[in-house]
Amino acid sequence: MAKSLMGRIPYAKIVIVLAVAFAIALGLCGVTFVLALGRGGGSFSSSFLNMAVPVELTVMVLSGVGLVVTVIAWVVVAAFGLGREQDDPQRQFDNKDDEGPKHPG
Amino acid sequence: MIPIGSHPVWHPVLETLAYAAGYTVFRHLRARQGDIVDEPQRWTVLAGAAVGALVGSRLLGIAEQWPTVEAAWRTGHLLALLFSPGGKTIVGGLLGGWLGVELVKRVSGIRRRTGDLFALPLCVGIAVGRVGCLIAGLADDTYGKPTSLPWAVDLGDGIGRHPVQIYEILFLVLVGIVVSRKWKLPEGARFRIFLGSYLAWRVAIDFLKPQPLVGGMNVIQWAAVGGILLLVLDGWVGRSEGREALRA
(Lines give C-alpha, C1' and ligand atoms only; values in the text may rest on other atoms or scores of the structure.)
Protein backbone atom coordinates (compact mmCIF):
# COMPACT_ATOMS: atom_id res chain seq x y z
CA MET A 1 0.00 0.00 0.00
CA ALA A 2 1.17 3.54 -0.61
CA LYS A 3 2.42 5.55 2.34
CA SER A 4 0.45 8.59 3.47
CA LEU A 5 1.48 12.02 2.16
CA MET A 6 3.19 12.81 5.47
CA GLY A 7 5.14 9.58 5.25
CA ARG A 8 6.42 10.29 1.74
CA ILE A 9 8.08 13.61 2.59
CA PRO A 10 11.91 13.25 2.55
CA TYR A 11 12.39 14.84 5.98
CA ALA A 12 16.08 14.01 6.30
CA LYS A 13 17.00 15.66 3.00
CA ILE A 14 14.90 18.74 3.76
CA VAL A 15 16.51 19.05 7.20
CA ILE A 16 20.01 18.84 5.69
CA VAL A 17 19.30 21.46 3.01
CA LEU A 18 17.74 23.86 5.56
CA ALA A 19 20.61 23.38 8.05
CA VAL A 20 23.21 24.13 5.36
CA ALA A 21 21.20 27.16 4.14
CA PHE A 22 20.98 28.48 7.70
CA ALA A 23 24.72 27.96 8.28
CA ILE A 24 25.67 29.78 5.08
CA ALA A 25 23.25 32.66 5.76
CA LEU A 26 24.69 32.94 9.25
CA GLY A 27 28.19 33.18 7.80
CA LEU A 28 27.07 35.81 5.31
CA CYS A 29 25.48 37.80 8.12
CA GLY A 30 28.78 37.72 9.97
CA VAL A 31 30.61 39.02 6.90
CA THR A 32 28.06 41.77 6.38
CA PHE A 33 28.52 42.78 10.02
CA VAL A 34 32.30 42.94 9.53
CA LEU A 35 31.89 45.03 6.36
CA ALA A 36 29.42 47.34 8.05
CA LEU A 37 31.97 47.95 10.82
CA GLY A 38 34.60 48.73 8.19
CA ARG A 39 36.92 45.95 9.41
CA GLY A 40 36.95 44.19 6.09
CA GLY A 41 39.37 46.46 4.33
CA GLY A 42 37.08 46.79 1.31
CA SER A 43 34.82 49.67 0.34
CA PHE A 44 31.24 48.51 0.21
CA SER A 45 28.46 50.97 -0.43
CA SER A 46 25.61 51.23 2.02
CA SER A 47 23.24 50.28 -0.81
CA PHE A 48 25.01 46.89 -1.05
CA LEU A 49 24.64 46.37 2.69
CA ASN A 50 21.02 47.55 2.57
CA MET A 51 20.33 44.90 -0.02
CA ALA A 52 22.38 42.11 1.58
CA VAL A 53 21.00 42.35 5.11
CA PRO A 54 17.31 41.70 4.28
CA VAL A 55 18.22 38.82 1.96
CA GLU A 56 20.44 37.17 4.57
CA LEU A 57 17.88 37.71 7.32
CA THR A 58 15.08 36.31 5.15
CA VAL A 59 17.09 33.17 4.37
CA MET A 60 18.02 32.79 8.03
CA VAL A 61 14.46 33.20 9.28
CA LEU A 62 12.91 30.97 6.60
CA SER A 63 15.51 28.22 6.95
CA GLY A 64 15.46 28.43 10.76
CA VAL A 65 11.67 28.27 11.01
CA GLY A 66 11.56 25.61 8.28
CA LEU A 67 14.13 23.56 10.16
CA VAL A 68 12.17 23.64 13.41
CA VAL A 69 8.87 22.84 11.67
CA THR A 70 10.38 20.00 9.64
CA VAL A 71 12.07 18.41 12.66
CA ILE A 72 8.82 18.61 14.67
CA ALA A 73 6.83 17.13 11.77
CA TRP A 74 9.41 14.36 11.37
CA VAL A 75 9.31 13.50 15.07
CA VAL A 76 5.48 13.50 15.05
CA VAL A 77 5.35 11.27 11.94
CA ALA A 78 7.88 8.88 13.47
CA ALA A 79 6.27 8.84 16.90
CA PHE A 80 2.70 8.28 15.71
CA GLY A 81 3.56 6.08 12.76
CA LEU A 82 1.90 8.38 10.23
CA GLY A 83 4.37 7.26 7.58
CA ARG A 84 3.62 3.56 7.95
CA GLU A 85 2.31 1.55 5.09
CA GLN A 86 -0.97 -0.02 6.15
CA ASP A 87 0.23 -3.58 5.56
CA ASP A 88 3.70 -2.97 6.94
CA PRO A 89 3.85 -2.29 10.67
CA GLN A 90 7.42 -1.03 10.42
CA ARG A 91 8.49 2.12 12.23
CA GLN A 92 9.39 5.23 10.22
CA PHE A 93 12.93 4.84 11.50
CA ASP A 94 13.21 1.18 10.57
CA ASN A 95 16.13 -0.88 11.77
CA LYS A 96 17.56 -3.39 9.36
CA ASP A 97 20.92 -3.92 10.94
CA ASP A 98 20.22 -5.49 14.29
CA GLU A 99 22.86 -8.09 13.59
CA GLY A 100 25.61 -5.51 14.03
CA PRO A 101 27.62 -4.74 17.18
CA LYS A 102 25.49 -3.46 20.01
CA HIS A 103 27.52 -0.37 20.80
CA PRO A 104 26.70 2.95 19.18
CA GLY A 105 29.20 5.16 17.40
CA MET B 1 56.67 38.09 5.92
CA ILE B 2 54.03 36.94 3.42
CA PRO B 3 51.41 39.65 2.69
CA ILE B 4 47.84 38.30 2.62
CA GLY B 5 45.60 41.03 4.01
CA SER B 6 42.03 40.56 5.25
CA HIS B 7 39.30 39.69 2.75
CA PRO B 8 36.24 38.53 4.72
CA VAL B 9 34.01 38.48 1.64
CA TRP B 10 35.71 35.25 0.56
CA HIS B 11 34.92 33.45 3.80
CA PRO B 12 31.32 32.44 2.98
CA VAL B 13 32.39 31.50 -0.56
CA LEU B 14 35.05 29.14 0.78
CA GLU B 15 32.64 27.92 3.49
CA THR B 16 30.11 26.95 0.82
CA LEU B 17 32.86 25.33 -1.22
CA ALA B 18 33.90 23.42 1.92
CA TYR B 19 30.41 21.92 2.31
CA ALA B 20 30.33 21.07 -1.40
CA ALA B 21 33.82 19.53 -1.37
CA GLY B 22 33.07 17.46 1.73
CA TYR B 23 29.82 16.18 0.26
CA THR B 24 31.47 15.37 -3.08
CA VAL B 25 34.18 13.32 -1.36
CA PHE B 26 31.53 11.62 0.78
CA ARG B 27 29.49 10.62 -2.29
CA HIS B 28 32.59 9.39 -4.07
CA LEU B 29 33.68 7.27 -1.08
CA ARG B 30 30.19 5.88 -0.57
CA ALA B 31 29.92 4.89 -4.24
CA ARG B 32 33.38 3.28 -4.19
CA GLN B 33 33.33 1.53 -0.81
CA GLY B 34 29.62 0.96 -0.30
CA ASP B 35 27.82 1.69 2.95
CA ILE B 36 27.10 -0.34 6.07
CA VAL B 37 23.62 1.20 6.38
CA ASP B 38 20.94 1.59 3.74
CA GLU B 39 20.18 4.91 2.06
CA PRO B 40 17.24 6.12 4.23
CA GLN B 41 19.27 5.40 7.35
CA ARG B 42 22.29 7.21 5.92
CA TRP B 43 20.14 10.29 5.22
CA THR B 44 18.78 10.10 8.77
CA VAL B 45 22.34 9.99 10.13
CA LEU B 46 23.33 12.91 7.87
CA ALA B 47 20.34 14.94 9.08
CA GLY B 48 21.31 14.28 12.71
CA ALA B 49 24.85 15.36 11.89
CA ALA B 50 23.72 18.54 10.11
CA VAL B 51 21.38 19.74 12.85
CA GLY B 52 23.77 18.72 15.63
CA ALA B 53 26.66 20.47 13.90
CA LEU B 54 24.63 23.64 13.39
CA VAL B 55 23.51 23.79 17.02
CA GLY B 56 26.92 22.76 18.42
CA SER B 57 28.93 25.18 16.31
CA ARG B 58 26.65 28.09 17.17
CA LEU B 59 26.47 27.29 20.90
CA LEU B 60 30.23 27.03 21.25
CA GLY B 61 30.66 30.08 19.03
CA ILE B 62 28.43 32.06 21.37
CA ALA B 63 30.18 30.64 24.45
CA GLU B 64 33.46 31.76 22.92
CA GLN B 65 32.15 35.33 22.87
CA TRP B 66 30.71 35.18 26.37
CA PRO B 67 31.38 38.85 27.28
CA THR B 68 29.45 39.90 24.14
CA VAL B 69 26.57 37.60 25.07
CA GLU B 70 26.48 38.93 28.62
CA ALA B 71 26.44 42.52 27.36
CA ALA B 72 23.72 41.71 24.82
CA TRP B 73 21.64 40.03 27.55
CA ARG B 74 21.98 43.04 29.83
CA THR B 75 21.01 45.50 27.11
CA GLY B 76 18.23 43.32 25.71
CA HIS B 77 19.90 42.95 22.31
CA LEU B 78 20.22 39.17 22.21
CA LEU B 79 18.80 39.13 18.67
CA ALA B 80 21.72 41.28 17.53
CA LEU B 81 24.00 38.32 18.32
CA LEU B 82 22.73 36.75 15.10
CA PHE B 83 24.85 39.30 13.26
CA SER B 84 27.95 38.77 15.32
CA PRO B 85 30.91 37.58 13.27
CA GLY B 86 32.91 34.43 13.98
CA GLY B 87 29.91 32.89 15.66
CA LYS B 88 30.50 29.31 14.50
CA THR B 89 33.25 26.93 15.51
CA ILE B 90 34.48 23.72 13.92
CA VAL B 91 35.01 21.99 17.27
CA GLY B 92 31.43 22.79 18.29
CA GLY B 93 30.23 21.56 14.90
CA LEU B 94 32.10 18.27 15.20
CA LEU B 95 30.98 17.60 18.77
CA GLY B 96 27.40 18.68 18.09
CA GLY B 97 27.31 16.64 14.88
CA TRP B 98 28.67 13.59 16.68
CA LEU B 99 26.10 13.90 19.49
CA GLY B 100 23.34 14.55 16.92
CA VAL B 101 24.24 11.36 15.08
CA GLU B 102 24.34 9.33 18.31
CA LEU B 103 20.91 10.73 19.23
CA VAL B 104 19.21 9.89 15.92
CA LYS B 105 20.88 6.49 15.89
CA ARG B 106 19.51 5.73 19.34
CA VAL B 107 16.01 6.92 18.36
CA SER B 108 16.01 5.06 15.06
CA GLY B 109 17.68 1.89 16.35
CA ILE B 110 20.79 2.06 14.15
CA ARG B 111 23.50 0.12 15.96
CA ARG B 112 26.34 0.15 13.45
CA ARG B 113 29.17 2.66 13.70
CA THR B 114 28.43 5.01 10.82
CA GLY B 115 31.19 7.61 11.07
CA ASP B 116 33.96 6.07 8.94
CA LEU B 117 32.53 7.50 5.72
CA PHE B 118 32.70 11.00 7.26
CA ALA B 119 36.38 11.00 8.23
CA LEU B 120 37.99 11.91 4.90
CA PRO B 121 35.17 14.29 3.78
CA LEU B 122 35.55 16.18 7.06
CA CYS B 123 39.32 16.50 6.51
CA VAL B 124 38.71 17.89 3.00
CA GLY B 125 35.85 20.18 4.05
CA ILE B 126 37.68 21.67 7.03
CA ALA B 127 40.86 22.18 4.96
CA VAL B 128 38.92 24.07 2.26
CA GLY B 129 37.12 26.12 4.91
CA ARG B 130 40.44 27.01 6.54
CA VAL B 131 41.58 28.63 3.28
CA GLY B 132 38.61 30.96 3.73
CA CYS B 133 39.63 31.63 7.35
CA LEU B 134 43.16 32.54 6.23
CA ILE B 135 41.96 34.87 3.47
CA ALA B 136 39.40 36.48 5.80
CA GLY B 137 42.36 37.44 7.98
CA LEU B 138 41.83 39.62 11.01
CA ALA B 139 38.05 39.70 10.50
CA ASP B 140 37.73 35.96 11.23
CA ASP B 141 39.15 35.73 14.77
CA THR B 142 41.06 32.54 13.90
CA TYR B 143 44.42 34.16 13.19
CA GLY B 144 47.66 33.32 14.96
CA LYS B 145 49.86 35.08 17.48
CA PRO B 146 52.67 37.37 16.30
CA THR B 147 55.92 35.67 15.27
CA SER B 148 59.18 36.56 13.55
CA LEU B 149 59.40 33.24 11.68
CA PRO B 150 60.16 33.61 7.93
CA TRP B 151 56.76 32.14 6.95
CA ALA B 152 54.80 34.61 9.08
CA VAL B 153 51.79 36.14 7.32
CA ASP B 154 50.74 39.78 7.32
CA LEU B 155 46.95 39.97 7.55
CA GLY B 156 46.85 43.67 6.88
CA ASP B 157 48.03 45.15 10.17
CA GLY B 158 51.75 44.94 9.38
CA ILE B 159 52.33 42.30 12.09
CA GLY B 160 53.82 38.93 11.17
CA ARG B 161 51.62 36.13 12.51
CA HIS B 162 51.67 32.32 12.69
CA PRO B 163 49.71 31.02 9.65
CA VAL B 164 47.75 28.69 11.96
CA GLN B 165 45.24 27.93 9.21
CA ILE B 166 48.02 26.59 6.97
CA TYR B 167 49.40 24.52 9.88
CA GLU B 168 45.92 23.06 10.24
CA ILE B 169 45.56 22.32 6.53
CA LEU B 170 48.88 20.43 6.58
CA PHE B 171 47.75 18.53 9.67
CA LEU B 172 44.45 17.63 7.95
CA VAL B 173 46.34 16.37 4.89
CA LEU B 174 48.27 14.00 7.18
CA VAL B 175 45.11 12.82 8.97
CA GLY B 176 43.38 12.44 5.58
CA ILE B 177 46.19 10.17 4.38
CA VAL B 178 45.97 8.07 7.57
CA VAL B 179 42.18 7.61 7.48
CA SER B 180 42.08 6.87 3.75
CA ARG B 181 44.73 4.09 3.90
CA LYS B 182 43.27 0.64 3.30
CA TRP B 183 44.20 -0.67 6.73
CA LYS B 184 41.91 -3.22 8.29
CA LEU B 185 40.43 -1.30 11.19
CA PRO B 186 37.41 -1.94 13.42
CA GLU B 187 34.15 -0.30 12.37
CA GLY B 188 34.12 3.35 13.43
CA ALA B 189 37.88 3.51 14.06
CA ARG B 190 38.62 5.85 11.17
CA PHE B 191 36.15 8.42 12.44
CA ARG B 192 37.51 8.11 15.97
CA ILE B 193 41.06 8.54 14.72
CA PHE B 194 39.99 11.67 12.86
CA LEU B 195 37.94 13.14 15.71
CA GLY B 196 40.43 12.30 18.47
CA SER B 197 43.42 13.61 16.56
CA TYR B 198 41.62 16.77 15.43
CA LEU B 199 40.46 17.59 18.97
CA ALA B 200 43.97 16.97 20.32
CA TRP B 201 45.35 19.16 17.54
CA ARG B 202 43.00 21.98 18.47
CA VAL B 203 44.02 21.79 22.12
CA ALA B 204 47.64 22.24 20.96
CA ILE B 205 47.30 24.74 18.09
CA ASP B 206 44.94 27.09 19.91
CA PHE B 207 47.84 28.06 22.20
CA LEU B 208 49.11 29.89 19.09
CA LYS B 209 45.89 31.94 18.85
CA PRO B 210 45.36 35.15 20.81
CA GLN B 211 42.04 34.13 22.36
CA PRO B 212 40.81 35.04 25.84
CA LEU B 213 41.72 32.31 28.32
CA VAL B 214 39.62 30.73 31.05
CA GLY B 215 41.70 28.67 33.47
CA GLY B 216 44.72 28.62 31.16
CA MET B 217 42.91 27.58 27.97
CA ASN B 218 40.30 29.09 25.68
CA VAL B 219 36.70 27.87 25.51
CA ILE B 220 37.34 25.81 22.36
CA GLN B 221 40.30 24.04 23.97
CA TRP B 222 38.17 23.13 27.00
CA ALA B 223 35.44 21.83 24.66
CA ALA B 224 38.05 19.80 22.76
CA VAL B 225 39.32 18.29 26.03
CA GLY B 226 35.73 17.42 26.94
CA GLY B 227 35.28 15.83 23.51
CA ILE B 228 38.42 13.71 23.95
CA LEU B 229 37.17 12.51 27.35
CA LEU B 230 33.78 11.65 25.80
CA LEU B 231 35.52 9.77 23.02
CA VAL B 232 37.58 7.74 25.52
CA LEU B 233 34.48 7.05 27.62
CA ASP B 234 32.47 5.98 24.56
CA GLY B 235 35.27 3.69 23.40
CA TRP B 236 35.48 2.12 26.86
CA VAL B 237 31.68 1.60 27.04
CA GLY B 238 31.71 0.18 23.50
CA ARG B 239 34.44 -2.33 24.39
CA SER B 240 32.61 -3.40 27.57
CA GLU B 241 29.37 -3.94 25.63
CA GLY B 242 31.27 -5.82 22.94
CA ARG B 243 32.78 -8.15 25.55
CA GLU B 244 29.36 -8.73 27.14
CA ALA B 245 27.87 -9.50 23.71
CA LEU B 246 30.64 -12.04 23.07
CA ARG B 247 30.02 -13.71 26.44
CA ALA B 248 26.23 -13.88 25.82
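1. Start with D141(B), which counts as partly exposed because it has 19 C-beta neighbours inside 10 Å. A residue needs 20 or more of those neighbours to be called buried, so keep that cut-off in mind for the points below. You'll find D141(B) in the loop between α5 (116–136) and β2 (153–154) of chain B. Its backbone is worth a look too: phi is positive, about 65 degrees, although D141(B) is not a glycine. Most residues other than glycine have a negative phi. Remember as you look around that this is a predicted model.

2. Two glycines also have a positive phi. G81(A) sits just after α3(A) and takes a phi of about 65 degrees. Over in chain B, α3(B) is followed by G76(B), with a positive phi near 70 degrees.

3. Now for chain A as a whole. How many helices and strands does chain A have? Three helices and zero strands, so to speak an α-α-α run when you read from the N terminus on. Chain A has 105 residues, and buried ones make up 30% of them. Take the contacts in chain A with a separation of 6 or more: 71% of them are between residues 24 or more positions apart.

4. Have a look at α3(A), residues 46–80 of chain A. This helix has 35 residues and reaches 51 Å from its first C-alpha to its last, close to the 51 Å expected at 1.5 Å a residue. Which residues in α3(A) are buried? They are E56(A), M60(A), S63(A), L67(A), T70(A), W74(A) and V77(A).

5. Next, see how α3(A) packs with helix α2 of chain A, residues 11–37. The angle is about 150 degrees, and the axes are 8 Å apart. The two helices are therefore roughly antiparallel to each other, and their crossing is left-handed. Sort the residues of this contact by class and you get 22 nonpolar, five polar and one charged.

6. L28(A) is a handy residue to click on in helix α2 of chain A. It has 23 C-beta neighbours inside 10 Å, so L28(A) counts as buried. Leave out residues up to four places away in sequence, and L28(A) touches E56(A) and P12(B). E56(A) should ring a bell, as one of the buried residues in α3(A). P12(B), on the other hand, carries the chain letter B. Try R8(A) as well: L28(A) and R8(A) are 20 residues apart in sequence, and their C-alpha atoms are 33 Å apart in space.

7. Over to chain B and its helix α2, residues 39–64. With 26 residues, α2(B) spans 37 Å from first C-alpha to last, close to the 38 Å expected at 1.5 Å a residue. Of those 26 residues, 19 are buried, so α2(B) is largely enclosed by the rest of the structure. Is α3(B), residues 66–75, largely enclosed or in the open? The number buried among its 10 residues is zero, so α3(B) lies largely in the open.

8. Two residues in α2(B) make a nice pair to examine. R58(B) is in this helix and counts as buried, because it has 21 C-beta neighbours inside 10 Å. Setting aside neighbours within four places in sequence, R58(B) is in contact with G87(B) and K88(B). R58(B) and K88(B) are 30 residues apart in sequence, yet 4.9 Å apart C-alpha to C-alpha. V55(B) lies in helix α2 of chain B too, but V55(B) is partly exposed, with 17 other C-beta atoms within 10 Å. From V55(B) to G97(B) is 42 residues in sequence and 8.4 Å in space, C-alpha to C-alpha.

9. Last stop: helices α4 (residues 90–108) and α7 (residues 189–205) of chain B. They pack at an angle of about 150 degrees, with axes 11 Å apart. That makes α4(B) roughly antiparallel to α7(B), and the crossing is left-handed. Where do they meet? On the α4(B) side are V91(B), L94(B) and W98(B), and on the α7(B) side are L195(B), Y198(B), L199(B) and R202(B). By class, the residues of this contact divide into six nonpolar, no polar and one charged.

Notes:
Residues numbered from 1 in each chain as written. Chains lettered and ligands numbered in written order. Predicted model: local features only at pLDDT ≥ 70, side-chain atom pairs only at ≥ 80, totals over all residues. Helix = DSSP H or I, 4+ residues; strand = E, 2+ residues; numbered from the N terminus. Buried ≥ 20, exposed ≤ 12 C-beta atoms within 10 Å, placed from the backbone. Contact = placed C-beta atoms within 7 Å. Expected span 1.5 Å × (residues − 1). Axes fitted to C-alpha atoms, helices over the stretch in contact; angles between N-to-C directions. Parallel < 35°, antiparallel > 145°, perpendicular 65-115°, else oblique. Left-handed = near helix turned anticlockwise from the far one by under 90°. Nonpolar A, V, L, I, M, F, W, Y, C, P; charged D, E, K, R; others polar.
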